[in-house]
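Please open the model in your viewer and keep the selection panel at hand. The stops below are meant to be taken in order, each with something to select and something to look for.

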Amino acid sequence: LSKFKGIIVAMNSCYDRNGRVDEGAVGELVAFLAKRGVKGVYVGGSTGEGMLQSVEERKRVLEAVMAAKPLDFTVIAHVGAITTRDSVELAEHAESVGADALSAIPPFYYRISEHGVEEHWASMMRASGLPFIIYHIPATTGFSLSKPLLQKMLAYPQTIGVKITTPSTYELQQFKALGGPDFLLFNGPDEQLLAGLSLGADAGIGGTYGMMPELFVAIYEAFRQGRMEEARTYQTWANDIIAELLDMPVYGAIKEIVKMRGVDCGQPRLPLEPVPADRLPAVRKLYEKMMS
Ligand code: NAY
């Protein structure tokens, strides 16, 4: 499981001027991140806009990642979709192209029972031999992973972990206790990485990691080596930047900063908002602060 332990970037999807998937830019982004010491990438999640893409587009983004990645670079394919059918197709595809693991949110919009969600996730596991990571993000999906459902999911040997995006580390600690030492907890909120690691997270998956990978690798390494004061200084620095970022359309702003760092991934797909032109100088200032 060591290949999942570290900083994993919830990477952007890249589009050209016409809004089409830009495989070349996806490859450049993977190369940019790999050079900065991150463990791997999480493809097609919230930051990756997977839910705003067709099944074909999601496959193309993943294929571009696989083509560009270095050998020892971990790739987690987010295959969550509103229909089990699409998720199953994406799970089969992810295995066929050599991804290291699957991950999925629960189905959204309809209120699906716990049993229905379990079946949805189990279908993806049955469709591929890949390890599976539950994506728990109740604020956006409206579905909260309960301890009894997690307990049921633990009975599937493919379930290796939970990526947990909740504003409380209590739940993270409780899930870790339930899953045991070999069950992986991935910290979701970037602003809580150090808190999550302190309470048992094994790794972090985050969207702002993509624009400041060095800082998050530094937090992770300092924590692992027991340099807590240093880790706290880095996390505080990251949070000062995130606080400003959250005042803007966040996915659009991440893309603007990634572009300033050299990789043009285009605009986020509507209805996600781009940064309005009059806020671009503020993004530039934030970028300069981040690089200083
Ligand atoms: C994903 O799937 O994109 C992620 O794992 C990223 C998790 C992000 N949460 C959301 C809702 O996008 O990186 C965080 C988040 O953008 C960051 O903590 C700022 O709040």
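Select helix 11 (250-260) and helix 12 (280-291), which in this predicted model pack at an angle of about 60° with their axes 10 Å apart. That angle makes helix 11 oblique to helix 12, since angles that fall neither under 35 degrees, nor over 145, nor from 65 to 115 count as oblique. Looking along the crossing, you will find that helix 11 and helix 12 pass in a right-handed sense. To see what fills the contact, show the side chains of Ala253, Glu256, Ile257 and Met260 in helix 11, which meet Leu280, Val283, Arg284, Leu286, Tyr287 and Met290 in helix 12. Sorted by type, the residues of this contact of helix 11 with helix 12 comprise eight nonpolar and two charged ones, with no polar residue among them.

Before leaving this pair, trace the loop between helix 11 and helix 12, where proline 271 lies. The peptide bond that joins leucine 270 to proline 271 is cis, with omega at about 15°.

Now keep helix 12 selected and add helix 10 (residues 228-245), whose axis comes within 11 Å of that of helix 12 and crosses it at roughly 175°. Helix 10 and helix 12 are therefore roughly antiparallel to each other, as an angle over 145 degrees counts as such. On the helix 10 side the contact involves Trp237, Asp240, Ile241, Glu244 and Leu245, and these meet Leu286, Lys289 and Met290 in helix 12. Here the contact of helix 10 with helix 12 divides into five nonpolar and three charged residues, again with no polar one. If you colour Leu286 and Met290 of helix 12, you will find them listed in the contact with helix 10 and also in the contact with helix 11.

For the next stop, select the ligand together with the 18 residues that surround it, the closest being Thr47, Lys163, Glu191, Gly207 and Tyr251. Which atoms of these residues should you inspect for polar contacts with the ligand? For threonine 47, look to the backbone, where a polar atom is 2.6 Å from an oxygen atom of the ligand. Glycine 207 likewise offers a backbone N or O atom, which lies 2.8 Å from a ligand oxygen. With tyrosine 251, by contrast, the atom to pick is a polar one of the side chain, 2.5 Å from an oxygen atom of the ligand.

From there, move to glutamate 49, located in the loop between strand 2 (40-43) and helix 2. Check its backbone torsions, as phi of glutamate 49 is near 60°, a positive value in a residue other than glycine.

Finish with helix 1 (residues 23-34) and helix 2 (residues 55-68), whose axes come within 8 Å and cross at roughly 45°. Helix 1 and helix 2 are therefore oblique to each other, and helix 1 passes helix 2 in a right-handed crossing. Display Glu23, Val26, Gly27 and Val30 of helix 1 alongside Arg60, Val61, Ala64, Val65 and Ala68 of helix 2, which together make the contact. Six of the residues in this contact of helix 1 with helix 2 are nonpolar, one is polar and two are charged.

How values were computed: Residues numbered from 1 in each chain as written. Predicted model: local features only at pLDDT ≥ 70, side-chain atom pairs only at ≥ 80, totals over all residues. Heavy atoms only, no water. Axes fitted to C-alpha atoms, helices over the stretch in contact; angles between N-to-C directions. Helix = DSSP H or I, 4+ residues; strand = E, 2+ residues; numbered from the N terminus. Left-handed = near helix turned anticlockwise from the far one by under 90°. Contact = heavy atoms within 4.5 Å. Nonpolar A, V, L, I, M, F, W, Y, C, P; charged D, E, K, R; others polar. Near = heavy atom within 4 Å. Polar contact = N/O pair within 3.5 Å; in protein donor to acceptor, adjacent residues only side chain to side chain.
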